[in-house]
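Okay, thanks everyone, let's get going. I'd like to walk you through one structure today, piece by piece, so please have a look at it while I talk.

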Amino acid sequence: MTPTPSSRRARVAAAVAVVAALAGATVPAATASAASGGREGAISQARANVARNAGVFGFGTGQDLVVKDVVLDADGTSHVRFDRTFQGLPVVGGDLVVHQDAKGRLKDSSRAAAHDAAVKSTVPKVTAQSGAAGALAAAPGVKDAVSSPELVVWAADGTPRLAWRTTVEGTGAHGEPAGKVVVTDATTGERIESYDAEHQAAGTGNSEYTGTIAIDTTAKSGGGYTLTDPVRGHVTKDANNVSASSLKATSGTAFTSTTNVWGDGKKFSANRSTAAVDAHANTAWTYDYYKNVHGRSGIKNDGKGATVFVHVGTKWDNAQWSDSCFCMMTGDGDGVTDPEQVDLDTMGHEMTHGVTSATANLRYSGESGGLNESTSDIFGTMVEWYANNTVDTGDYLFSDQSTPPWLRRFDKPSLDGRSADCWSSSVGSLDVHYSSGVGNHWFYLASEGSGSKTINGVTYNSPTCNSSTVTGIGNDKVAKIWYRALTVYMTSTTNYKGARAASLNAARDLYGASSTEYNAVAAAWSGVNVS
């Protein structure tokens, strides 16, 4: 975020490059091979491959496949994940993944423990009531408990048998949600396994930047709560002021609370969980933005949540994403004018570096480095617009909360005294935080158009570099175009001319080559001297 040679991006650039090489990028169904027919075609081929290779998958009479997920690779390879049923009953440990080439031919398979999912009978000898009673007995300390039995084929150890999977839910000693899942053999009544049910708890966070907000936490089986998001999978920890270079995913201390009320809402707060509230909530908003707007499940599109550290370093006025630990790190600000670096657009910006690393992997140098920074500014800003928070409203001022009045702005980037409004042959020699101005300016023009206007109480006045007039199409459309350009058409060495071509290809795919959107994208690029 801070544009200096010693910034976080310089320190983690090598790690980003190494990890990104290992990260698989996925593409929208529209770019899948014609042979596979996109998502639905991949599913159809996968079903056929399972049927043709029934021995490999242990697939037989009475079984069915339930689609859980589809990943389509850029080369047309597809990976279709199925849950399995037997005579309509879920098969625990029966899930499998079918890996296919671009022509739909079986390449490989992955499956859980179960090979054969068939049981002799699906009629239980032990009643549901008996199974529920046993489950209640196995969950002592759970008050006002309610049990919900479900008949399943349990094959998690590889041997299928009919079983009752009973979920017990109630409250614990401190009034927190508590529960247990108990699995019993539906023929003999033998207890197979039991484990604590993971509960999503609705915590109350008193944040530094976004007011009083609801946050998703996890109730501990022994009482109390942790800042672990059971929906999105991320955990927020206290780094205890350890330096960023020393952190690993296993570092830090978990935040806990007996009341599920976190923070005091003050800037420069002595309550260490205040910064954690912002970090935890803003990570969730970033995850939800990518998931709900772009269909991306997490940074690497694998559904996995990251580790988020607050209180990194001593008076570290910065934030960074690191692929090496798959974690987000935020400092406490300078302790004088800049508070903790956990505001919405800053968090979205840093996590977007992880998305870029897992997709186009834009080199952090020259024009591609400026595009890398611009991409993070763009999507960090879009996370802010998506959250629609009444305290930190959507704007085109990047990091205006943690580095007031703003670190960078979109309508006229040169107002910071160093960023470029327009492309020139020398842009690539600028620090990437300043060459990013060309991309940011393009995004503003494409979204809002040129000229003067007031949006959400902020006045903007955006000129063009060729004296043209540009009419915007709204930032939602432009962000979708940019996401597709990033994940489908850009490569590690894409420059501004290449970005124009990539975004026009994306606009064509989404809206058509003669559409208003396509023409607006082109006009905005011309407006920043990229042709």
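How many bridges join S2 to strand S3 (residues 89-92)? Two bridges, and the strands run antiparallel. Before I go further: this is a predicted model, so keep that in mind throughout.

Let's stay with those strands for a minute. Phe86 is the residue standing opposite Leu89 in S3. S2 and S3 make a hairpin with two residues between the strands, and there Gln87 takes a positive phi near 50°.

On the other side of the story we have S1. Strand S1 (residues 63-72) and strand S2 (residues 78-86) are antiparallel too, joined by nine bridges. If you want a landmark in that pairing, find Val66, which is opposite Asp83 in S2. This is another hairpin, with five residues between S1 and S2, and in its turn Gly76 has a positive phi of about 95°.

Now scroll along to the sheet. What's the strand order? It goes S14-S13-S17-S19-S18: an open sheet of five strands, with mixed pairing. At the edges you find strand S14 (253-254) and strand S18 (319-322), each of them pairing on one side only. Inside the sheet, strand S13 (residues 235-238) pairs with strand S17 (residues 307-312) in the parallel sense, over four bridges. One register point there: Val235 has Thr307 as its bridge partner in S17.

What packs on this sheet? Helix H5 (residues 273-294) does, touching S13 and S17, and its direction makes about 150° with that of S17. Then there's H6, which lies across S17, S18 and strand S19 (327-331) and runs at about 25° to S18.

While we're around here, a backbone detail. The loop between S13 and S14 contains Asn240. Phi of Asn240 is near 55°, which is positive even though the residue is not a glycine.

Cysteines next, since somebody always asks. The count comes to two disulfides. One I'd like to show you is between Cys325 and Cys327, with the sulfur atoms 1.7 Å apart. The torsion about the S-S bond of Cys325 and Cys327 is about -40°, so that disulfide is left-handed.

Okay, helices against helices. Two packed helices are described by the angle between their axes and the distance between the axes. So that's how I'll go through them.

Start with H5 again, this time against helix H9 (residues 475-489). They pack at an angle of about 90°, and their axes are 11 Å apart. That angle makes H5 roughly perpendicular to H9. From H5, the contact uses Tyr289, Tyr290, Val293 and His294, and from H9 it uses Ala479, Lys480 and Tyr483. By class, you get five nonpolar residues, one polar and one charged.

Next up, helix H6 (residues 344-358) and helix H7 (residues 366-387). Their axes come within 7 Å and cross at roughly 130°. That makes H6 oblique to H7. The hand of the H6 and H7 crossing is right-handed. The contact is a long list, so I'll pick a few: on H6 it includes Leu344, Gly348, His349 and Thr352, and on H7 it includes Thr375, Phe379, Gly380 and Val383. Which classes do the residues in this contact fall into? There are four nonpolar, 10 polar and four charged ones.

H7 also meets helix H8 (residues 432-448). Here the axes come within 7 Å and cross at roughly 55°. H7 and H8 are therefore oblique to each other. The crossing of H7 and H8 is right-handed. Among the residues that meet are Gly366, Gly369, Gly370 and Met382 in H7, with Val432, Ser435, Gly439 and Phe443 among those in H8. The classes for H7 with H8 are four nonpolar, nine polar and two charged. And look at Glu373 and Asp377 in H7: they're part of the contact with H6, and they also turn up in the contact with H8.

Last stop, a peptide bond. Where's the cis one I want to show you? It joins Pro404 and Pro405, with omega at about 5°. Pro405 lies in the loop between strand S20 (397-398) and strand S21 (408-409).

That's my tour, thanks. Happy to take questions.

How values were computed. Residues are numbered from 1 along each chain as its sequence is written. This is a predicted model: local features need pLDDT of at least 70, side-chain atom pairs count only at pLDDT 80 or more; totals for chains, interfaces and linings use all residues. Side-chain values use heavy atoms; hydrogens and water are left out. Axes are lines fitted to C-alpha atoms, for helices over the stretch in contact, and angles run from 0 to 180 degrees between N-to-C directions. Angles under 35 degrees count as roughly parallel, over 145 as roughly antiparallel, 65 to 115 as roughly perpendicular and the rest as oblique. A crossing is left-handed if the near helix is turned anticlockwise from the far one by less than a right angle, and right-handed if clockwise. Contact means heavy atoms within 4.5 Å. Ala, Val, Leu, Ile, Met, Phe, Trp, Tyr, Cys and Pro count as nonpolar, Asp, Glu, Lys and Arg as charged, and the others, Gly among them, as polar. Two strands pair if DSSP finds at least two bridges between them. A disulfide is a pair of cysteine sulfur atoms within 2.5 Å.
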